[in-house]
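Q: Take me through one part of this model in detail, please: the aromatic cluster and the helices around it. Start with a single ring and work outwards from there.

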Amino acid sequence: MAWTGLAAAALWRAAANGWRPGPTGRFLGAYVLVVALHTAWDGSQGLVGYGLVAAISLGLLGATTWRLGGGRGEHHVEELRPAPLS
């Protein structure tokens, strides 16, 4: 669930900013990170590996949630609406 949240937040941010290069690049970076975390999860063979990947994933999801809330834990919907496609 954390990986989906990370990718979805980055995708939404890119769309909300009109697919400008910066946010779109961050989405692509988040996608690569999600794939790497999933690969690490699948390649783990012990509790330590799973725990490490889970801790990294949940930490990144928490940081993303905090950032989207403006650092105050609030959700600003008006800032996240996608830009019109024209």
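**The aromatic cluster and its surroundings**

A: Let's start with Trp 3, which has a relative accessibility of 18% and therefore counts as buried, the cut-off being under 20%. Keep in mind as we go that this is a predicted model.

Trp 3 has company in helix H1, which runs over residues 2-16. The buried residues of H1 are Trp 3 and Leu 6, plus a good run of alanines: Ala 2, Ala 7, Ala 9, Ala 10, Ala 14, Ala 15 and Ala 16. As for its length, H1 has 15 residues and spans 21 Å from first C-alpha to last, close to the 21 Å expected at 1.5 Å a residue. After H1 comes Gly 18, with a positive phi near 70°.

Now for the rings. Searching the whole structure turns up three aromatic pairs. In one of them, Trp 3 meets Trp 41 edge-to-face, with 6.2 Å from centre to centre and 75° between the planes. Trp 3 belongs to helix H1 and Trp 41 to helix H2, so this pair ties together parts that sit 38 residues apart in sequence. Trp 41 itself is at 32% relative accessibility, so it counts as partly exposed. Trp 41 also pairs with Tyr 50: the ring centres are 4.6 Å apart and the planes are at 55°, so this pair is tilted. Tyr 50 is partly exposed too, at a relative accessible area of 30%. Put the ring pairs together and Trp 3, Trp 41 and Tyr 50 are linked into a cluster.

What else does helix H2 bring to this part? Have a look at Ala 30, which lies in H2. Ala 30 is buried, with 16% relative accessible area. Its C-alpha is separated from that of Trp 3 by 9.1 Å, although the two residues are 27 apart along the chain. Setting aside neighbours within four places in sequence, Ala 30 is in contact with Leu 6 and Ala 10, both of them among the buried residues of H1.

That leaves helix H3, residues 47-68. H3 has 22 residues and reaches 31 Å between its end C-alphas, close to the 32 Å expected at 1.5 Å a residue. Its buried residues are Val 53, Ser 57 and Leu 68. These three cover an arc of only 35° around the axis, which puts them on the same side of H3. Turn to the face away from that buried side and you find the exposed residues Leu 47, Val 48, Leu 52, Leu 58 and Trp 66. H3 is followed by Gly 70, and here too phi is positive, near 75°.

Ser 57 brings us back to where we began. Ser 57 lies in H3 and, at 4% relative accessibility, counts as buried. Leaving out residues up to four places away in sequence, Ser 57 touches Ala 2, Trp 3, Leu 6 and Leu 37.

How far should you trust the picture? The chain averages a pLDDT of 85, and 83% of the residues score at least 70. Confidence is highest in helix H2, residues 21-43, at a mean of 94. It is lowest in helix H4, residues 77-80, at 55. Where pLDDT is low, the predicted coordinates shouldn't be read in detail.

Key
Residues numbered from 1 in each chain as written. Predicted model: local features only at pLDDT ≥ 70, side-chain atom pairs only at ≥ 80, totals over all residues. Heavy atoms only, no water. Helix = DSSP H or I, 4+ residues; strand = E, 2+ residues; numbered from the N terminus. Expected span 1.5 Å × (residues − 1). Buried < 20%, exposed > 50% of the residue type's maximum accessible area, 1.4 Å probe, protein only. pLDDT = per-residue confidence, 0-100. Phe/Tyr/Trp six-rings, centres within 6.5 Å; stacked < 30°, edge-to-face > 60°. Arc of directions from axis to C-beta. Contact = heavy atoms within 4.5 Å.
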